[in-house]
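Subject: A structure for you to look at

Hello,

Here is the structure I promised to pass on. Please have it open while you read, as my notes follow below.

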Amino acid sequence: TQSTWEQETAVNIGFSCALLYEAMSLIALDGETADELQSKIALAMDRYANFEGDLGLVIDGHALEFALEPAIAPQFLALAMLCKSVICCRVSPLQKALVVNLVRDALPIVSLAIGDGANDV
């Protein structure tokens with residue numbers, strides 16, 4: 001599907017930029033509904049809560065739309081906090097800003113959003 005291809009491209013960019021690496025386990029989040037995405041986040045949290053290794057997370061703009069909903073955002077952030085790198089692909093400028101705000105408002109860390117406006121990662 002288009003989403004899978006976009007996530008694969010984002011993963012390849014992540015590897016070329018050293019945000020991702022071979023020893024890292026990757027979580028690819030997608031979903032056609034908010035409920036589906038929320039279930040996938042819950043499954044990932046259960047699977048990786050006590051994981052001893054490095055995690056990377058990849059999510060596309062369609063799924064991110066659901067992940068940023070007030071009912072899901074805290075769970076999404078909790079999963080993202082388990083990860084060394086989080087890559088959001090095919091996101092709008094507004095979605096980038098919302099992700100940065102979500103992180104900045106919840107955590108005392110620096111967050112960064114990079115993109116050229118068409119191929120945002």
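A disulfide is taken here as a pair of cysteine sulfur atoms within 2.5 Å. Please keep in mind throughout that this is a predicted model.

With that cut-off, let me begin with the cysteines. The structure holds zero disulfides. The cysteine sulfur closest to that of Cys83 belongs to Cys88 and is 11 Å away, which is too far for a bond. Cys88 is in no disulfide either, and the nearest cysteine sulfur to its own, that of Cys89, is 7.9 Å away. As for their surroundings, Cys83 counts as buried at 13% relative accessibility, and Cys88 counts as buried at 10%.

Next, the strands. How many of the residues of strand 2 are buried? Six of the six are, so strand 2 is largely enclosed by the rest of the structure. Both of its faces are covered: Leu55, Leu57 and Ile59 are buried on one side, and Gly56, Val58 and Asp60 are buried on the other. Strand 2, which spans residues 55–60, pairs with strand 1 in the parallel sense over five bridges. Within that pairing, Ser25 has Leu55 of strand 2 as its bridge partner. To get from strand 1 to strand 2 the chain passes through helix 2, and this β-α-β crossover is right-handed.

Strand 2 also pairs with strand 3, in the parallel sense and over five bridges. Two positions are handy if you want to find this pairing on screen. Leu57 stands opposite Val86 in strand 3, and Asp60 has Cys89 of strand 3 as its bridge partner. Strand 3 itself is mostly covered, with four of its five residues buried.

One residue of strand 3 deserves a visit of its own. Ser85 lies in this strand, which covers residues 85–89. Ser85 is buried, with a relative accessible area of 10%. What does a polar atom of its side chain lie 2.6 Å from? The partner is the backbone oxygen of Leu19. Leaving aside residues up to four places away in sequence, Ser85 touches Leu19, Leu20, Met24, Leu55, Gly56 and Leu57. Three of these names, Leu55, Gly56 and Leu57, are among the buried residues of strand 2.

On to helix 4, which runs over residues 73–81 and has Ala73, Phe76, Leu77, Leu79 and Ala80 buried. Looking down the axis of helix 4, you will find these buried residues within an arc of 160°, so they line one face of the helix. The general background is familiar: an α-helix has 3.6 residues a turn, so residues three or four places apart point the same way. Which elements help to cover the buried residues of helix 4? The cover includes strand 1 (25–29), strand 2 and strand 3, together with helix 2 (34–48), helix 3 (61–67) and helix 5 (93–106).

Two loop residues also caught my eye for their backbone angles. Most residues other than glycine have a negative phi. Ala18, however, has a phi near 65°, a positive value in a residue other than glycine. Ala18 sits in the loop between helix 1 (2–16) and strand 1, and at 59% relative accessibility it counts as exposed. Arg90 likewise is not a glycine and has a positive phi of about 55°. Its place is the loop between strand 3 and helix 5, and Arg90 is partly exposed, with a relative accessible area of 38%.

Finally, two residues towards the outside. Is Leu94, in helix 5, buried or exposed? At 57% relative accessibility, Leu94 counts as exposed. From Leu94 to Asp30 the C-alpha to C-alpha distance is 19 Å, and the two are 64 residues apart in sequence. Ile114 lies in the segment after helix 5 and is exposed, with a relative accessible area of 54%. The C-alpha atoms of Ile114 and Leu26 are separated by 20 Å, with their positions 88 residues apart along the chain.

If you have time for a single view, I would start from strand 2, with strand 1 paired to it in the parallel sense and strand 3 paired to it in the parallel sense too.

Best wishes

How values were computed: Residues numbered from 1 in each chain as written. Predicted model: local features only at pLDDT ≥ 70, side-chain atom pairs only at ≥ 80, totals over all residues. Heavy atoms only, no water. Buried < 20%, exposed > 50% of the residue type's maximum accessible area, 1.4 Å probe, protein only. Polar contact = N/O pair within 3.5 Å; in protein donor to acceptor, adjacent residues only side chain to side chain. Contact = heavy atoms within 4.5 Å. Arc of directions from axis to C-beta. Pairing = 2+ DSSP bridges. Right-handed = clockwise from strand over helix to strand, strands pointing away.
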